[in-house]
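Visitor: I am new to protein structures and would like some help. Could you show me how to read one, feature by feature?

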Amino acid sequence: MANAAAPAPGANMGEPAPRLDARLKVTGEARYASDFPVSNPAFAYLVTSTIAKGRITALDLAEARAVPGVLDILTHENTGDLKAVAFGSASTSTQQLGPEIDHDGQIVAVVLADTFEAARDAARKVRVTYAAATPSATFGAQGLTEDDATKVSERIKEAPAAGDVEVALAAADVVIDAEYATPAQHHNPIELFTTTCAWHDNRLTIYEPSQFVYGLKNSTAKKLGIDPGQVRVVSPFGGAFGAKGQLTPRTGLIALAAKRLNRPVKLVASRDQGFTIATYRAETRHHIRLGAKADGKLVGYSHEGWEISSRRDPYCVAGVEDSARLYAFGAVRTKVNIVHADRNTPGFMRSPPVVPYIYALETAMDELAAKLRMDPVEFRRVNDTMTDPVSGKPYSSRSLMQCYDEAGGAFGWKRRDPRPGAMRDGDWLIGWGCATAVYPTHVATATARVRLMPDGKVRVQSAAHELGTGAYTVIGQMAAQELGTPLSATTVELGDSDLPPAMVAGGSNTTASTCSAVMKACAAIREKLARAATTANDGPLAGRDPSQVVLKDVALTAPDGATEKLEDTFRRLGVSAIEEYAEFAPEGVKPDAVKSLYAGKGAMTGGPKGRKLMYAMGAEFVEVRINAATREIRVPRMVGAFAAGRLMNTRTARSQLMGGMIWGISSALHEATEIDKRNARYVNDNLADYMVPVNADIEEVQVILVPEEDHDVNPAGIKGLGELANVGTAAAVSNAVYHATGMRIRKLPIRIEDILPT
Ligand code: MOS
């Protein structure tokens, strides 16, 4: 990029621009996958298993087939043409329709009919006979099996370790030895899990909310045994938070159904089915030992985690990869165990690795600070580090203590009386707690195509994804800034596998990765224009240094003020538009990474993986008020300060961070998927019983953006922040509950019954 003309300085970056898609969203015009009209669709309704373990012994379809309008019913007896495809990085297959049943709510039949109502009616008349076995639901059940994650999972090849923890803890003055538990959670996106499939001349179009349209395209092709070139996935909008990142069983089934009927097929699964046909955050257990010297210096950290997965798939989040780097621990020992139960396979859910593991660590940190009689902020300051205690690698940037100082200052932390129960206001016990938020900065392969018109109109195309985070807007801002055009003249197209590929919208990599590809494409456009204008024999810029020419306001301008209108440069080039395609691959990935992105894989780096550690960080402070008599828990205020490199848009950044903290309150006090242990079945599989905070539960939430420069993470200096702020909140709330009551609750969520006076 050395020869490219310069972007105009200062334009657009960080501006709190309103969302490009705001009007579409508020008017209901934004088209979600199941909104796309297809001609004469048939409707699908799923039949799901009522047992968690066993076998289908008989299927009686007669009554269902007799429902007027029923077209066909897919079962395990007539869908043998579907191939087994790996779930995520696992080596085993996603489930077919049986006859083996390995979790409650497994799809066992798909009823197809002329209307949704007929399909639903018939689905209820499908008679399935099972030979049922006793399932193992979760921790504590008989019949669970356990694997060392490093032996079976791609996510953790080697458990982070340094020094001898036993020796270190034996020499510590103070040690915490405690166990923590987190529950299962389900995403419950407002947009249900839907799939619409339409075939035209052997080409399949899939409308499905997806966080990875190229991944879905390629994995569905594999499932159907067809060429990926025959498949297109369309998903311009979608709320997701992790559950829409990979192929689940329904997609291949609906594609097959549409092929057989020779007619488009539309499935909108019900809310309760979403609990079992998609993924979720699995429950975890943790055993932490943490030791320090009397002066507060940590000497050893041992963290063993257990995570529930399905029988077939070795899914885990393995958050020790991140927690082990967070402080100057001294010696480190970690281990992750995958515990196989008769459950559907879990998967990503906002900030998957760090949410449970950092909750456990940050609660243990507070316990140790209390035991040391040290202020919890000071305790973290004493153990702050610019190098990884495991590998010795430096952090590319780390602003953790600036975040503590800013958030603590705004919160008024100095006025805290450290004695538990000391800050009382009438009937209300007041507790103040804090914790660290941390999220690995991921950067992935990405491509983009940018077109500039002589009137300054810009079109950006990339198969990146808008999950509601503001991707359209920040990607448009990057193009506008790099081409010196207003955002209002920019069109952004995302979420379609006919566009140049981008990585899965996971790990908060989209802004950093796709914006880096857009930057490259824009630089190529500027270079082409500057060369044309300066190498011409005539014209106002003839003979100028092209690298000094700035593109702004539909004109090229040299440092001496000489300027040429863009339409003249375009005329000089003899074109009516300039279009450039660019590929971006982060440092350290394999040379064929972009090629593999086209095949639905790609590469992602960051966190602990590169030459330097790359992390975004934050500090969160929470006040809880607990009624001394009823034990009702309120959160009247919360302050978070976050440092995540360069911010593309302070408005969307603030929204993400605020939303994250609100989700953190949900994790701390409301949210859990309840499991019927006898039947391995989810109990609260609806929005009435699945508890999340409502407006009345959320009072003051203050977000502070801490400036941070980082030139190592990527060309734009961006660290993702979509998954930063819900990390640490639960621990901060839990620590505040301890401060209010003196009761240390080591599981989530914390409910009234956990803090009854003893
Ligand atoms: Mo996000 S849970 O990494 O899709």
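Guide: Happy to! Let us start with a pair of strands: β29 and strand β30 (residues 633–643) run antiparallel and are joined by nine bridges. Keep in mind that this is a predicted model.

Visitor: Which residue in β30 is the bridge partner of Arg-625?

Guide: The partner of Arg-625 is Arg-634 in β30. To read a pairing, follow one strand and look across to its neighbour. Here β29 and β30 make a hairpin, with five residues between them. In that turn, Arg-631 has a positive phi of about 65°.

Visitor: How many bridges join strand β19 to β29?

Guide: There are 13 bridges between β29 and strand β19 (residues 428–440), and this pair also runs antiparallel. One place to look is Val-438, which faces Met-617 in β29.

Visitor: How many of the 13 residues of strand β29 are buried?

Guide: For that, we ask how much of each residue's surface is left accessible. Strand β29 spans residues 615–627 and is mostly covered, with twelve of its 13 residues buried.

Visitor: Can we try that with a single residue? Is Thr-196 buried or exposed?

Guide: Buried means under 20% relative accessible area. Thr-196 has 0% relative accessibility, so it counts as buried. You will find Thr-196 in strand β11 (residues 194–200). Leaving aside residues up to four places away in sequence, Thr-196 touches Ser-34, Val-38, Thr-205, Ile-206, Tyr-207, Val-265 and Lys-266.

Visitor: Now back to sheets. What is the order of the strands in the open sheet of three?

Guide: Read it from one side to the other: β5-β3-β7, with antiparallel pairing. The strands β5 (100–101) and β7 (127–132) are at the edges with a single partner strand each, so one side of each has no neighbour in the sheet. Strand β3 (residues 54–60) is joined to β7 by six bridges. Within that pairing, Gly-54 stands opposite Ala-132 in β7.

Visitor: Which residues touch the most other members of the largest nonpolar core?

Guide: First the general idea: in soluble globular proteins, nonpolar side chains tend to be buried together. In this structure, the largest nonpolar core has 92 residues, and those touching the most other members are Leu-290, Leu-298, Leu-361, Leu-368, Phe-621 and Val-624. Helix α10 (residues 354–372) gives the most to this core, namely eleven residues. Another core lies apart from it and has 47 residues, including Val-492, Ala-517, Met-519 and Ala-558.

Visitor: What does Leu-298 touch?

Guide: Its contacts, not counting residues up to four places away in sequence, include Leu-290, Tyr-327, Phe-329, Met-365, Leu-368 and Phe-379.

Visitor: Next, the empty spaces. Which residues lie nearest the centre of the second largest pocket?

Guide: A pocket is an open space, and we can read it by its volume and its lining. The second largest pocket has a volume of about 860 Å³. Of the 27 residues lining this pocket, His-187, Asn-188, Ile-190, Phe-241 and Trp-663 lie nearest its centre. The lining divides into 14 nonpolar, ten polar and three charged residues.

Visitor: And how many cavities of 30 Å³ or more are there?

Guide: The count comes to seven. A cavity differs from a pocket in that a probe fits inside but cannot get out. The second largest cavity has a volume of about 70 Å³. Among the residues lining this cavity are His-186, His-187, Asn-188, Arg-271 and Phe-275. Its lining has three nonpolar, six polar and one charged residue.

Terms used. Residues numbered from 1 in each chain as written. Predicted model: local features only at pLDDT ≥ 70, side-chain atom pairs only at ≥ 80, totals over all residues. Heavy atoms only, no water. Pairing = 2+ DSSP bridges. Helix = DSSP H or I, 4+ residues; strand = E, 2+ residues; numbered from the N terminus. 1 Å grid on protein atoms, 1.4 Å probe; cavity = no way out; pocket = protein on both sides within 12 Å on 5 of 7 lines; lining within 4 Å. Nonpolar A, V, L, I, M, F, W, Y, C, P; charged D, E, K, R; others polar. Core = buried A, V, L, I, M, F, W, Y, C linked by side-chain atoms within 4.5 Å. Buried < 20%, exposed > 50% of the residue type's maximum accessible area, 1.4 Å probe, protein only. Contact = heavy atoms within 4.5 Å.
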